[in-house]
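Hi everyone, thanks for making time this morning. I'd like to walk you through a structure that may be new to you, so let's bring it up on the screen.

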Amino acid sequence: MDKTGWMILWGVVICLSMVLLALAFYFYRYRRETELRVASFKSGLWARHRKFVHRVMPIIYDYDRNKIEADSAKVRYDAQQNELNAKQFKLAEASIKLMELNEQISETKDILAAKNLDLLAVKEQLEEEKNRSAALLRNILPERIIQELDQTGSSKPEVFGDVAVFFSDIINFTAKSSLMPPQVVIAELNDIFGEFDHICKRHNCERIKTIGDAYMCVSGMTNYDGKICLNIIEAAQEMIAYLRQRNETHEYQWEIRVGIHCGPIVAGVIGVEKYIYDIFGDTVNTASRMENFSMPMRINVSEEVYKK
């Protein structure tokens, strides 16, 4: 190859080298600009990312915090609900037990009411028995003696300084009553002595006892009014008048003798299981003797009674 050929070859090589250098420089610059652009892009992207993070993170933090608080509140609410349910369950159990107790109380009330009714019935019966017993006692004992027995269980003997004593006896009662049925005899005595009791009460006198057909009463033991002899004489007169009127209308006619004396007496309750109230003393004996010496349907009084 000649010199010209080599020059041309070298020229071509030099041109190609320059072209390659230009291309390399261009690629190098392009790459650098690209890297710079990428770096700039990345720097801007990071700045935007940081700005985004600064804006978004508080929101995310608040959201997480609110969520945690909501979860905690839900847990507390669930716990409170469970506690409330447990309390409601216990309250329901207590209500059931209370209902059962109320039923038992109602049943007990019904039982107690029934027993109270029974007790009231028994109490009424006891009151009736007590009233009957008191009435029987009042027919046997004076009221003050009954009160003393109720309070102390015993009665002390009493001494009365001035008492008028009445004795009466039905004439021929034994002979007549032996011919009569027993129920008629008792009915006749109840009729006569019942009216005698009313007469005594009207004249401030008090019956002491009856022995068979004998009737004894006094004036001056209670409600002393200073006219004991007058009271008992008026009572005796009314008794005789009653018998005379009764004899006019009844099948059986009866007559009595009456004896009256006055003076001191001793009175008291005799007996432990069966009580009897009686009076003692010379005054009682004298009144009995005055009755023995009396006339039919007449009143025999002692000198002491006559003087008063």
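Let's start with H261 and S302, whose side chains are joined by a polar contact of 2.6 Å. By polar contact I mean a pair of N or O atoms within 3.5 Å, where within protein one must be able to donate a hydrogen and the other to accept it, and residues adjacent in sequence count only if both atoms are side-chain atoms. A word on what you're looking at: this is a predicted model, where local features need pLDDT of at least 70 and side-chain atom pairs count only at pLDDT 80 or more, while totals for chains, interfaces and linings use all residues. Residues are numbered from 1 along each chain as its sequence is written, and side-chain values use heavy atoms, with hydrogens and water left out.

Back to H261, which sits in strand β4, residues 256-270. Strands here are DSSP runs of E, at least two residues, and helices are runs of H or I, at least four, numbered from the N terminus. Is H261 buried or exposed? H261 counts as buried because its relative accessibility is 8%; the cut-offs are under 20% for buried, over 50% for exposed, and partly exposed in between, with a 1.4 Å probe and protein chains only. Beyond four places in sequence, the residues in contact with H261 (heavy atoms within 4.5 Å) include V163, T283, S302 and E304.

Further along β4 we meet V266. With 35% relative accessibility, V266 is partly exposed. Among the residues V266 touches, again leaving out those up to four places away, are P157, V159 and F280. From V266 to T283 is 17 residues in sequence and 9.5 Å in space, C-alpha to C-alpha.

Now for strand β3, residues 214-219, where 6 of 6 residues are buried. A214, M216 and V218 point one way, and Y215, C217 and S219 the other. Which strands pair with β3 in the antiparallel sense? Strand β1, residues 158-170, does so over 6 bridges, and strand β2, residues 206-211, over 5; pairing takes at least two bridges found by DSSP. Y215 is a nice spot to look at: its bridge partner in β1 is S168, and T210 stands opposite Y215 too. β2 and β3 make a hairpin with 2 residues between them, and G212 in the turn has a positive phi of about 65°.

Last stop: L23, in helix α1, residues 3-140. L23 is partly exposed, at 41% relative accessible area. Thanks, everyone!
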